[in-house]
Amino acid sequence: MTPATAQPHGRPSPPDGGATLVCAGITVAVDDGVILRDLDLTVPAGRLTVIVGPSGAGKSTLLRAIAGLHRPLTGAVRLGERDITATPTHRRRLAAVFQEPRLFGHMNVGDNVAFPLRMAGVPRARRRRTAAELLDEVGLAGTAGRDRMQPRRTTRRSDHK
């Protein structure tokens, strides 16, 4: 039985029609140290793949190489038939979500949320509407125009004396 490739209702299709992702013989160095050496990975379209390993094994480095944040010294990253190894990050139509927040400091909250839609060529009005809906969905309604996320002020009991 093959895995289902249908997308949930209302969600966009994967980039490039759900193309297979292939890392072929990639070697990545960071700060003059080789982190990944001659790595091969194939992720078939429509499949969920989990990368596990101890701290320092190169999991994040691999994801950064796929996203275009690290350029491999050798090998290729392909999405379907397309070699994206030299494609700039913002043109890859891929995204990576890391543990640390990586927001564009020159954009407000709504523009950060809408950035992937902008890269996909979605019209401005639709981007803004979708960003507002997504922010509302996660309990952050009304924050789209903020320059950056401000921590919520919590009221302590001592404040009520």
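**Figure 1. Helices and strands along the whole chain.** The protein chain in this predicted model has 3 helices and 4 strands. Walk along the sequence and you pass them in the order β-β-α-β-β-α-α. How much of the chain is buried? Out of 161 residues, 23% count as buried. The accessible surface adds up to about 12000 Å², and carbon and sulfur atoms own 51% of it. Now take the contacts with a separation of 6 or more: 48% of them join residues that sit 24 or more positions apart.

**Figure 2. Helix H1 and the strands it packs against.** Here's a look at helix H1, which runs over residues 59-67. Which of its residues are buried? They are Thr-61, Leu-62, Ala-65, Ile-66 and Ala-67. These buried residues of H1 pack against strand S1 (21-30), strand S2 (33-43) and strand S3 (74-79).

**Figure 3. The stretch just after H1.** Move a step past the end of H1 and you reach Gly-68, whose phi is positive, at about 95°. Then look for Leu-69, which you'll find in the loop that links H1 and S3. Is Leu-69 buried or exposed? Neither label fits: Leu-69 has a relative accessible area of 41%, so it counts as partly exposed, the class between the 20% cut-off for buried and the 50% cut-off for exposed. While you're here, find His-90 too. Leu-69 and His-90 are 21 residues apart along the chain, and their C-alpha atoms are separated by 9.9 Å.

**Figure 4. Helices H2 and H3 crossing.** Two packed helices are described by the angle between their axes and the distance between the axes. What are those values for this pair? Helix H2 covers residues 109-119 and helix H3 covers residues 124-137; their axes come within 9 Å and cross at roughly 120°. That angle is why H2 is called oblique to H3. As for its hand, the H2 and H3 crossing is right-handed.

**Figure 5. The residues where H2 meets H3.** Zoom in on the contact to see who touches whom. H2 brings Val-109, Gly-110, Val-113, Ala-114, Leu-117 and Arg-118, while H3 brings Arg-127, Thr-130, Ala-131, Leu-134 and Leu-135. How do these residues sort by class? The contact of H2 with H3 has 7 nonpolar, 2 polar and 2 charged residues. Try picking them out yourself: Val-113 in H2 and Leu-134 in H3 are among the residues in this contact.

Conventions: Residues are numbered from 1 along each chain as its sequence is written. This is a predicted model: local features need pLDDT of at least 70, side-chain atom pairs count only at pLDDT 80 or more; totals for chains, interfaces and linings use all residues. Side-chain values use heavy atoms; hydrogens and water are left out. Helices (H or I, at least four residues) and strands (E, at least two) are DSSP runs, numbered from the N terminus. Buried means under 20% relative accessible area, exposed over 50%, partly exposed in between (1.4 Å probe, protein chains only). Contact means heavy atoms within 4.5 Å. Accessible areas come from the Shrake-Rupley method with a 1.4 Å probe; for residues, only the protein chains shown count as cover. Axes are lines fitted to C-alpha atoms, for helices over the stretch in contact, and angles run from 0 to 180 degrees between N-to-C directions. Angles under 35 degrees count as roughly parallel, over 145 as roughly antiparallel, 65 to 115 as roughly perpendicular and the rest as oblique. A crossing is left-handed if the near helix is turned anticlockwise from the far one by less than a right angle, and right-handed if clockwise. Ala, Val, Leu, Ile, Met, Phe, Trp, Tyr, Cys and Pro count as nonpolar, Asp, Glu, Lys and Arg as charged, and the others, Gly among them, as polar.
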